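Please open the structure in your viewer and keep the selection tool at hand. This tour moves from stop to stop, saying what to select next and what is to be found there.

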Amino acid sequence: KLEDANRSIFKSPENLQAYYLQLPRSPLIYIGIPEAAPADKILTVDRARVPSVHRWLPSTPLPGVSPFTFDLDPALALAQSNSAAAGSSSSSSSSSSSSSSSSSSSSSGSGRKRVGVPFANQAEAGPQYFSLAGEGRVLISCGYWDHTFKLSLLENSRLVQSVRKHKDIVTCLVLGEDNRTLVTGSRDTTLMVWDVVSKHSTV
């Protein structure tokens, strides 16, 4: 029926059901769904600045069964599997795995590299620090101690561009609906407007 096709969680909140998924041990500070990319892609960034790209697919609703399948980012799934294996090992092997995990702290143990540089000490990391560009291929981020905002490839966290024009920490940013107009705000009380070049995802 047409009325069924137009139904949404906003029109029928009583039909909303929560499903819980265990992601990284570090708290998530951003969840994004690229508007111009395939609808099955979900991006998350944790407090350690590690991005992950997950996918989900709807499935036939059955009683007691989730109406979708969720594919964890392969790098994150591997890290969780390794963590579980390390937890079930003996105390002697756990001490060696502990030293190995500390050596891989640059990627938060997820197999993925962190984006950007450390956040400023006074900054409160949150979703206002991130936006997606380039059809979901590029992550724009801010809040860094060096007063920059940065554009990084999601595929490998490679830095595409680092921009420093504000005189203090960039505390928020947002990409317009046209996917070209970027606005950044800073603790220096200024706003700046940028034009994002889609071909290269730079400003």
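Begin with the cysteines of this predicted model, in which the number of disulfides is 0. Select C142, which takes part in no disulfide, and then display C172, whose sulfur is the nearest cysteine sulfur at 6.7 Å. Why is there no bond from C172 to C142? The two sulfurs are 6.7 Å apart, which is too far for a bond, because a disulfide requires the pair of sulfur atoms to lie within 2.5 Å. If you turn on the surface, you can also compare their surroundings: C142 is buried, with a relative accessible area of 0%, while C172 is partly exposed, with a relative accessible area of 33%.

Next, turn to the aromatic rings, of which a search through the whole structure finds 4 pairs. Select F119 together with Y129, a tilted pair whose centres are 5.3 Å apart and whose planes make an angle of 50°. Both F119 and Y129 sit in the loop between α3 (91-103) and β5 (130-133), so the pair ties together parts that are 10 residues apart in sequence. F119 is buried, with a relative accessible area of 16%, and Y129 is buried as well, with a relative accessible area of 2%.

Now keep the view on aromatic rings and select F149 and W194, which form an edge-to-face pair with 5.2 Å from centre to centre and 65° between the planes. This pair links distant parts of the chain, since F149 belongs to strand β7 (residues 149-153) and W194 to strand β11, 45 residues apart. Buried or exposed, what are F149 and W194? Both F149 and W194 are buried.

Before leaving the rings, go back to F119 and Y129 and add Y144 to the selection, for these three residues form one aromatic cluster.

For the last stop, colour the strands β9, β10 and β11, which make up, in that order, an open sheet of 3 strands with antiparallel pairing. The edge strands, each pairing on one side only, are β9 (170-175) and β11 (191-195). Rotate the view to look along the sheet, where neighbouring strands are turned by 20° against each other on average, direction ignored. Then select β10 (residues 181-186), which runs antiparallel to β11 and is joined to it by 5 bridges. To see one place where these strands face each other, pick out T181, which stands opposite D195 in β11.

Technical notes: Residues numbered from 1 in each chain as written. Predicted model: local features only at pLDDT ≥ 70, side-chain atom pairs only at ≥ 80, totals over all residues. Heavy atoms only, no water. Pairing = 2+ DSSP bridges. Helix = DSSP H or I, 4+ residues; strand = E, 2+ residues; numbered from the N terminus. Axes fitted to C-alpha atoms, helices over the stretch in contact; angles between N-to-C directions. Buried < 20%, exposed > 50% of the residue type's maximum accessible area, 1.4 Å probe, protein only. Phe/Tyr/Trp six-rings, centres within 6.5 Å; stacked < 30°, edge-to-face > 60°.
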